[in-house]
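Aromatic side chains are a friendly place to start when getting to know a fold. Here is a short briefing on the ring pairs, to read with the structure beside you.

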Amino acid sequence: MDPRDAYHLGSVPLGVAVAGLFVIVMARSHATYWAGRGVVRGAQAVDEHEGAPSWWHSSVRRLESWSGTPSAQRGLDLVRRWGPVAVTLAYLTVGLQTAVIASAGLVKMPYLRFAIASVPGAIAWAVIWATIGFGALWAALALFARSPWALAAAVVLVVLAVGWSVRRRARVRVQAEV
């Protein structure tokens with residue numbers, strides 16, 4: 001059985017898959033942006049009106065504490081330094097994408113600027129996932145169906161290769177600073 005059949009995507013044209021993924025990632029990223037904006041507005045409202053419900057206070061405190069995490073701070077720094085370029089490039093990252101997009105809302109990047117910066121990044125994300133991304137997912141599912149241990153070994157090899165590459169780049173950077 002072809003793993004793509006499990007998702008009913010085997011016969012979907014590439015253009016339809018890219019368009020669908022584009023809509024999904026735009027909805028997700030814009031919701032994340034507005035959540036960041038909501039944290040700022042919520043914090044201001046709580047400061048102004050202490051009579052808000054307790055669930056509101058706890059939600060705002062949770063979101064404010066998230067904005068202090070290293071990932072969120074990294075996203076904030078990138079948005080402050082690079083602005084819309086950081087938003088566009090964030091779509092090509094894993095793990096940092098949400099932090100950068102939420103940070104754009106936290107720093108109150110004008111919405112039109114955010115929306116324009118989102119389009120090329122979302123297109124790139126959709127194309128990557130409609131081609132390479134789902135291809136890798138389907139290959140992993142097929143490998144898992146044959147041997148879960150083979151998939152585990154492949155994941156370990158990829159993690160080791162990425163770790164080696166990151167360590168090598170860090171070493172080169174340190175040597176360049178000396």
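The points below follow the aromatic pairs in this predicted model. The count comes to 6 aromatic pairs. Ring pairs also link Tyr33, Trp34, Tyr111 and Phe114 into a cluster, and the notes below look at two pairs from that group.

**Across two helices**

- Tyr33 and Tyr111 form a tilted pair, with ring centres 5.6 Å apart and 45° between the planes.
- Tyr33 sits in helix α2 (residues 14-48) and Tyr111 in helix α7 (residues 111-146), so this pair ties together parts that are 78 residues apart in sequence.

**Within helix α7**

- Tyr111 also pairs with Phe114, again in a tilted arrangement, at 6.5 Å centre to centre and 35° between the planes.
- Both Tyr111 and Phe114 belong to helix α7, where they are 3 residues apart, about one turn of the helix.

**Buried or exposed**

- Tyr33 has a relative accessible area of 0%, so this residue is buried.
- Phe114 counts as buried because its relative accessibility is 0%.
- Tyr111 is partly exposed, with a relative accessible area of 35%.

**Putting it together**

- Tyr111 has a ring partner in helix α2, namely Tyr33, and another in Phe114.
- If you are browsing the cluster on screen, remember to include Trp34, which ring pairs link with Tyr33, Tyr111 and Phe114.

Key:
Residues are numbered from 1 along each chain as its sequence is written. This is a predicted model: local features need pLDDT of at least 70, side-chain atom pairs count only at pLDDT 80 or more; totals for chains, interfaces and linings use all residues. Side-chain values use heavy atoms; hydrogens and water are left out. Rings of Phe, Tyr and Trp (its six-membered ring) pair if their centres lie within 6.5 Å; planes under 30 degrees apart count as stacked, over 60 as edge-to-face and the rest as tilted. Helices (H or I, at least four residues) and strands (E, at least two) are DSSP runs, numbered from the N terminus. Buried means under 20% relative accessible area, exposed over 50%, partly exposed in between (1.4 Å probe, protein chains only).
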